[in-house]
There are 2 protein chains.
Amino acid sequence: MSFIDKLTEAIDHNNSLLCIGLDPVLDKLPETYRQTKQPLLEFSRYIIDQTSEYVMAYKPNSAFFEAYGAPGIEQLKQTCDYIKDRYPDVLIILDAKRGDIGTSNEGYISYAFDYLGADAITLHPYLGKESIQPFLDISEKGSIILCRTSNPGAGELQDLPVEQVPLYQSIAKLVASSWNVNKNCMLVVGATFPEELSQVRQIVGDLPILVPGIGAQGGDLTATLQAGLADDKKGLVITVSRSVLYAENPGDEARKLRDAINAFRVTI
Amino acid sequence: MSFIDKLTEAIDHNNSLLCIGLDPVLDKLPETYRQTKQPLLEFSRYIIDQTSEYVMAYKPNSAFFEAYGAPGIEQLKQTCDYIKDRYPDVLIILDAKRGDIGTSNEGYISYAFDYLGADAITLHPYLGKESIQPFLDISEKGSIILCRTSNPGAGELQDLPVEQVPLYQSIAKLVASSWNVNKNCMLVVGATFPEELSQVRQIVGDLPILVPGIGAQGGDLTATLQAGLADDKKGLVITVSRSVLYAENPGDEARKLRDAINAFRVTI
């Protein structure tokens with residue numbers, strides 16, 4: 001099945017555009033998890049069990065597991081296995097922000113897709129299409145390209161003018177017109193910049209966009225949906241991490257978010 | 001000790017600008033290593049023992065170890081430990097091409113510097129200085145920023161004109177003028193593009209540049225040295241992988257390369 005079809009199925013399954021980022025930081029975990037042998041895994045399982053009805057994807061960020069070396073990677077693998085075994089209708093987006101020359105990218109492909117079994121991976125565009133061709137060639141796996149990121153300093157490079165057009169818009173254009181041959185590309189555009197999200201939406205038609213930055217980073221949900229929904233009221237994957245992970249009741253928080261997103265989708 | 005001083009010491013120790021990339025691919029390893037329990041580690045140890053007199057750094061590429069999951073990462077860690085124990089005068093450059101928002105970068109810092117004990121890491125510039133500030137703040141560890149990469153399609157984005165100047169030159173300027181406050185920045189410029197290397201050298205003064213692309217990728221050594229050496233006949237780290245790793249005698253190959261580089265350094 002092509003990635004775009006998998007994405008649509010995942011959205012429809014729980015009627016949700018919500019994705020939860022699994023970014024576990026040891027010091028922030030509740031005491032009961034910190035004392036277990038595999039705290040990142042145990043905590044991730046807890047979040048997954050609480051929220052699986054309300055999401056279309058989980059987005060583990062590799063950095064938070066790599067921080068603990070090989071044992072961290074082992075916990076990431078078991079987290080991915082757990083999602084695939086228990087909740088096969090929910091996608092796994094590996095947030096790894098990789099991007100190397102072609103032969104090295106083969107290694108990252110083995111890591112993300114063969115070893116972890118992820119359905120998609122986030123990628124840096126800087127080395128160009130030729131370098132990430134090995135990802136683009138796998139039509140059933142998503143290539144999610146960084147476009148306009150959510151961090152405060154994103155504009156330093158991403159807004160540089162390329163023939164009067166900001167660089168991030170050039171990248172959006174390239175991805176939509178030339179990289180997305182296999183209908184397996186998405187873009188990352190941060191919720192902290194709704195105006196830029198709106199620009200990207202106009203450039204890329206119905207290409208799906210992964211949107212981090214709601215919650216702890218300060219992005220506004222309504223402004224994001226207004227700026228970013230595609231004509232079919234889909235086309236967005238809204239990803240949140242801290243505001244759900246460390247909520248008193250992560251399931252309630254996820255349900256509220258999903259429902260708030262859906263309420264907006266039916267009113268416009 | 002600041003990173004720039006560590007770099008100079010490492011160059012002077014073996015009088016070498018040569019760095020060897022540790023990119024072990026299981027299928028390419030000699031039969032004797034493929035049959036061991038930790039083939040990536042055993043092969044890397046062999047290469048290190050054969051070449052340690054002739055190099056100033058090893059550059060393990062994380063992708064080639066991640067390809068084998070947690071056991072691969074464990075072998076990468078043991079490879080780094082081996083270098084630090086046996087050859088403490090040789091630097092470890094982790095080629096990981098990371099780059100995320102600040103909080104995630106903290107995870108990559110734990111991975112590269114705390115867990116693996118690397119001296120430097122390669123980084124994507126796309127999220128801007130603000131995002132990689134956590135790396136830049138560590139003055140004894142090198143931040144090696146991708147500028148003009150060695151792959152054939154590097155120009156698709158990196159040559160986009162920003163006010164008449166290619167993007168990679170804008171990045172070189174930013175790094176030299178604003179990111180390098182702690183004297184711990186380097187740039188990556190591929191040997192496959194000597195003209196571009198020459199442009200970058202003119203922009204950045206004596207900022208050190210990591211140069212992949214000699215050997216299997218087709219870059220020319222003399223053209224690279226001509227274009228890239230700084231005024232003090234240093235300022236370059238010439239990194240090779242496949243042409244040494246799979247040579248009949250890796251030590252001979254490394255010695256020849258170091259000596260060819262040094263012959264050029266004394267004649268100009």
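1. In this predicted model, strand S3 (91–98) of chain A and strand S4 (residues 120–123) of chain A pair in the parallel sense over three bridges, where pairing requires that DSSP finds at least two bridges between two strands. Within this pairing, A:Arg98 stands opposite A:Leu123 in S4(A). The element labels follow DSSP runs numbered from the N terminus, with helices being H or I runs of at least four residues and strands E runs of at least two.

2. A note on conventions: residues are numbered from 1 along each chain as its sequence is written, while chains are lettered from A and ligands numbered from 1 in the order in which they are written. Because the model is predicted, local features need pLDDT of at least 70 and side-chain atom pairs count only at pLDDT 80 or more, whereas totals for chains, interfaces and linings use all residues.

3. The S3–S4 pair of chain A belongs to a barrel, which eight strands close in the order S1-S2-S3-S4-S5-S8-S9-S10 with parallel pairing. Neighbouring strands of this sheet are turned by 30° against each other on average, direction ignored; such angles are taken between axes, which are lines fitted to C-alpha atoms (for helices over the stretch in contact), and run from 0 to 180 degrees between N-to-C directions. In chain B, eight strands likewise close into a barrel in the order S1-S2-S3-S4-S5-S8-S9-S10, again with parallel pairing, and the average turn between neighbouring strands there is 30°, direction ignored.

4. Strand S1 (residues 18–22) of chain A is mostly covered, with five of its five residues buried; a residue counts as buried if 20 or more other C-beta atoms, placed from the backbone, lie within 10 Å of its own, as exposed if 12 or fewer do, and as partly exposed in between. Both faces of S1(A) are covered, since A:Leu18, A:Ile20 and A:Leu22 on one side and A:Cys19 and A:Gly21 on the other are all buried. S1(A) pairs in the parallel sense with strand S10 (residues 236–240) of chain A over three bridges, and A:Cys19 has A:Thr239 as its bridge partner in S10(A). Four bridges join S1(A) to strand S2 (residues 57–60) of chain A, also running parallel, with A:Tyr58 in S2(A) as the bridge partner of A:Ile20.

5. Helix H10 (residues 194–204) of chain A lies across strand S5 (142–148), strand S8 (185–189) and strand S9 (209–211) of chain A, and runs at about 160° to S8(A). In chain B, strand S8 (residues 185–189) runs parallel to S9(B) and is joined to it by two bridges, with B:Val188 standing opposite B:Leu210 in S9(B).

6. The largest nonpolar core, a set of buried Ala, Val, Leu, Ile, Met, Phe, Trp, Tyr and Cys residues joined through C-beta atoms within 7 Å, has 186 residues, of which A:Leu187 and B:Leu187 touch the most other members. Leaving aside residues up to four places away in sequence, B:Leu187 touches B:Ile145, B:Cys147, B:Ala172, B:Val175, B:Val200, B:Val204, B:Leu207 and B:Ile209, contact meaning that the C-beta atoms of two residues, placed from the backbone, lie within 7 Å.

7. In helix H11 (residues 221–228) of chain B, the buried residues are B:Thr224, B:Leu225, B:Ala227 and B:Gly228. Their cover includes helix H10 (194–204), strand S9 (209–211), strand S10 (236–240) and helix H13 (250–267) of chain B. B:Lys233, in the loop between H11 and S10 of chain B, has a positive phi of about 65° although it is not a glycine, and B:Lys233 is partly exposed, with 15 other C-beta atoms within 10 Å.

8. Chain A can be laid on chain B with an RMSD of 0.0 Å by a turn of 180° and a shift of 0.0 Å along the axis, superposing by least squares on the C-alpha atoms of residues with pLDDT of at least 70 in both copies. The two copies are thus related as by a two-fold rotation axis.

9. The contact between the chains takes 47 residues from chain A and 47 residues from chain B. On the side of chain A that touches chain B, H6(A) gives the largest share, seven residues, and the residues of that side divide into 21 nonpolar, 16 polar and 10 charged. Here Ala, Val, Leu, Ile, Met, Phe, Trp, Tyr, Cys and Pro count as nonpolar, Asp, Glu, Lys and Arg as charged, and the others, Gly among them, as polar. Since 100% of the interface residues of chain A are also interface residues in chain B, the copies meet through the same surface.
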